[in-house]
Amino acid sequence: MGSRAPESVLVLNAGSSSLKFAVYRGAALEQTLKGQIEGLGGQPHVSAQWSDGRRLEPIAPADGVPLKDAGEAMQALLEGRLGLPLVQLDQLVAVGHRVVHGGTAFHQPLRITHGVLGQLRGLIPLAPLHQPHNLAPVQVLLDRQPSLPQVACFDTAFHRTQPMRAEIFALPRSYYDEGIRRYGFHGLSYEHVARALEPLDPCAHAGRTIVAHLGNGVSLCALQGGRSVASTMGFTALDGCPMGTRTGSIDPGVILHLARAKGMSIDQIEDLLYRRSGLLGLSGLSNDMRVLEASDSPGARLAIEVFVYRLVREIGSLAAALGGLDALVFTAGIGEHSARIRQAVCACLGWLGVAIDAERNEHPGAGPVMLATVSSAVRIWRIPTDEERRIALHTQRVVSEGQ
Ligand code: ADP
C-alpha cells in the first residue's frame, strides 16, 4: 500500500440532462469533490469544486462534440476529456449510483452484476424518463472496468415498509400483482433525514413525522418510528404535490379528456404533465422558486399560493394517515432555503398545533435547526438533505460486506 492515496467512492446521479458526481475519500467518507455536467443533449456545461471551496476549471469536451447523454458524459469523464481529475480508476474502491426504481424486488442497495443490470433494465417501463439515464453510466463502467464494484441505491427502497393499503390502487387486485402500485420516491433523501433526526430529536423520530422534500421534485413522506408508512409520490414521480414543472396529482379524468376531446397523443400529454406544468405552468414565468419569490406578477403569486395550498392539503392527509403529528421536517432546495414557504405552510397548520418561530425561521443559520416555538405541539425542523452521502455510505457498506 505505502504511498497509495486513500481509496475513494465515486457517487453518480445521472439524469436526462445532467450527470452529477461526488467523490468521497477514505473510511470516513470525506467528500473531496462535487460537480455536475449539465446540458446533456446540447452544449454541455461542466462545473465542479473541491470541498474546501476552490472551484475547478473544467474544460469543454475537447473535440467540441456535444455529449448526447449520461453514458457519453461518463465516457468523456473517464477519458479525461472534461479536464476533471475525479476518476483515477485505480483509486476507486467502488461507484455508487442513484437508481430511481427498484421495483418490487429490490428493497436494499446491492452490487450491480450483469444479471442485476438486466433486471434493472426490465424496470425501465416503470420509470422511462429516469431509469435509462441512471443505468447508462453503469454499462459504461461495466464495459471499461468490470472488476470495479458498482452499487445501486434506489429511490423506492425506503418506502417498502409501507403497508399494502398505502401501496395499492383501487384497481382490480391483479394490477397490484403485476406491479402497478404506489412505490414512492426520494427515498434516499427521506432515509438521510430520518437518520439525522434520530439523535437530534429522539422523541420525534420515535413518533409520527412528516418530511417535506421540496426541491425541483416535491414529495412528502409520513414516517412512524423512522419508517415510511405513506408518501405522496406513487407509481411515478408525477403524483402528489405540484413541482417545478410537474402537475402533481390530477384528476385522471383530465387525462382521458385531453386524449379524447383534445386529441392529444400520449407523448404530448406526458410533455404537458412532466415539463410544462407545476410552478412553471401556473406562473407562466419560471419553475425556480427564487424567481417566483422575487416577482410580484399575478402568475408568480398564484403559483406560490397553489404550491402552499396543495402542500397543506397533503400534510393534512398524511397527518390523518399517521393519526396525529409530532414533527414536521423541511428539506431540499425550497424546504431548506425558503423561509417564506416554510412560514406560509406552517401558518395554515395551526389547527394541528403547528407554531413556527418567525424570527428563527427567517434566520435559521446553517445545518439542522429547530424552528418551532416553545408552545408548538409539533416540532418543526429544517434539516439539509444529502442523498449523495447516503449513497456513499450504502456503497461502502455493500462493498465491505462483500454483497
Ligand atoms: P433538485 O430536486 O433538482 O435536487 P433542489 O433540491 O436543489 O433541486 O431544489 C431546487 C429548488 O430549490 C428550486 O425551485 C430553487 O428555486 C429552490 N431554491 C434554492 N434556493 C432557494 C432560496 N434561497 N429560496 C427559495 N428557493 C430556493
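## Backbone outliers

At 9% relative accessibility, His 186 falls under the 20% cut-off and therefore counts as buried. In this predicted model, His 186 sits in the loop between α5 (173-177) and α6 (187-200), and its phi is near 60°, a positive value in a residue other than glycine.

Ala 332 also has a positive phi, of about 70°, although it is not a glycine. Ala 332 belongs to helix α13 (residues 332-337), and with 7% relative accessibility it counts as buried because the cut-off is 20%. As a background to both cases, most residues other than glycine have a negative phi.

## The open sheet and the helix across it

An open sheet is formed by 6 strands in the order β10-β9-β8-β11-β13-β12, with mixed pairing. Its edge strands are β10 and β12 (369-370), each of which pairs on one side only. Strand β9 (residues 218-224) runs antiparallel to β10 and is joined to it by 4 bridges, and Cys 221 stands opposite Ser 231 in β10.

Helix α14 (residues 339-347) lies across three strands, namely β8 (208-214), β11 (327-331) and β13 (379-382), and runs at about 155° to β11.

## Nonpolar cores

The largest nonpolar core has 74 residues, and those with the most contacts inside it are Ile 210, Leu 311, Ile 341 and Val 345. Helix α12 (residues 298-322) gives the most to this core, contributing 11 residues. Apart from the largest core lies another, of 26 residues, which includes Val 23, Leu 33, Ala 70 and Leu 148. In soluble globular proteins, nonpolar side chains tend to be buried together.

What is Ile 210 in contact with, once its neighbours within four places in sequence are left aside? The partners of Ile 210 are Leu 220, Cys 221, Ile 315, Leu 318, Ala 319, Leu 322, Leu 325, Ala 327, Leu 328 and Val 329. Cys 221, one of these partners, is the residue that stands opposite Ser 231 in β10.

## The second largest pocket and Thr 247

The second largest pocket holds about 850 Å³ of space. It is lined by 26 residues, of which the closest to its centre are Phe 235, Thr 236, Leu 238, Ile 255 and Leu 273. Both α8 and α9 (266-275) supply at least two residues each to the lining of this pocket, and α9 gives the most, with 5 residues.

Thr 247 is found in the loop between β10 (227-231) and α8 (252-260). Its relative accessible area is 14%, which lies under 20%, so Thr 247 is buried. Not counting residues up to four places away in sequence, Thr 247 touches Leu 238, Cys 241, Pro 242, Leu 273, Ser 277, Gly 278 and Arg 310. Among these, Leu 238 and Leu 273 are also listed with the residues closest to the centre of the second largest pocket.

## His 97 in strand β5

His 97 has its place in strand β5 (residues 92-99), and with a relative accessible area of 1%, against a cut-off of 20%, it is therefore buried. Beyond residues up to four places away in sequence, His 97 touches Leu 12, Ile 112, Asn 134, Pro 137, Val 138, Leu 141, Gln 150, Val 151, Ala 152, Cys 153 and Ile 391.

How many residues apart in sequence are His 97 and Ala 212, and what is their C-alpha to C-alpha distance in space? His 97 and Ala 212 are 115 residues apart in sequence, and 23 Å apart in space from C-alpha to C-alpha.

Key
Residues are numbered from 1 along each chain as its sequence is written. This is a predicted model: local features need pLDDT of at least 70, side-chain atom pairs count only at pLDDT 80 or more; totals for chains, interfaces and linings use all residues. Side-chain values use heavy atoms; hydrogens and water are left out. Buried means under 20% relative accessible area, exposed over 50%, partly exposed in between (1.4 Å probe, protein chains only). Contact means heavy atoms within 4.5 Å. Two strands pair if DSSP finds at least two bridges between them. Axes are lines fitted to C-alpha atoms, for helices over the stretch in contact, and angles run from 0 to 180 degrees between N-to-C directions. A nonpolar core is a set of buried Ala, Val, Leu, Ile, Met, Phe, Trp, Tyr and Cys residues joined through side-chain atoms within 4.5 Å. On a 1 Å grid over the protein atoms alone, a cavity is a set of points where a 1.4 Å probe fits but cannot get out, and a pocket is an open set with protein on both sides within 12 Å along at least five of seven lines; lining residues have an atom within 4 Å of a point. Grid points are joined across faces, edges and corners, and a volume is the space filled by probe spheres set on the points.
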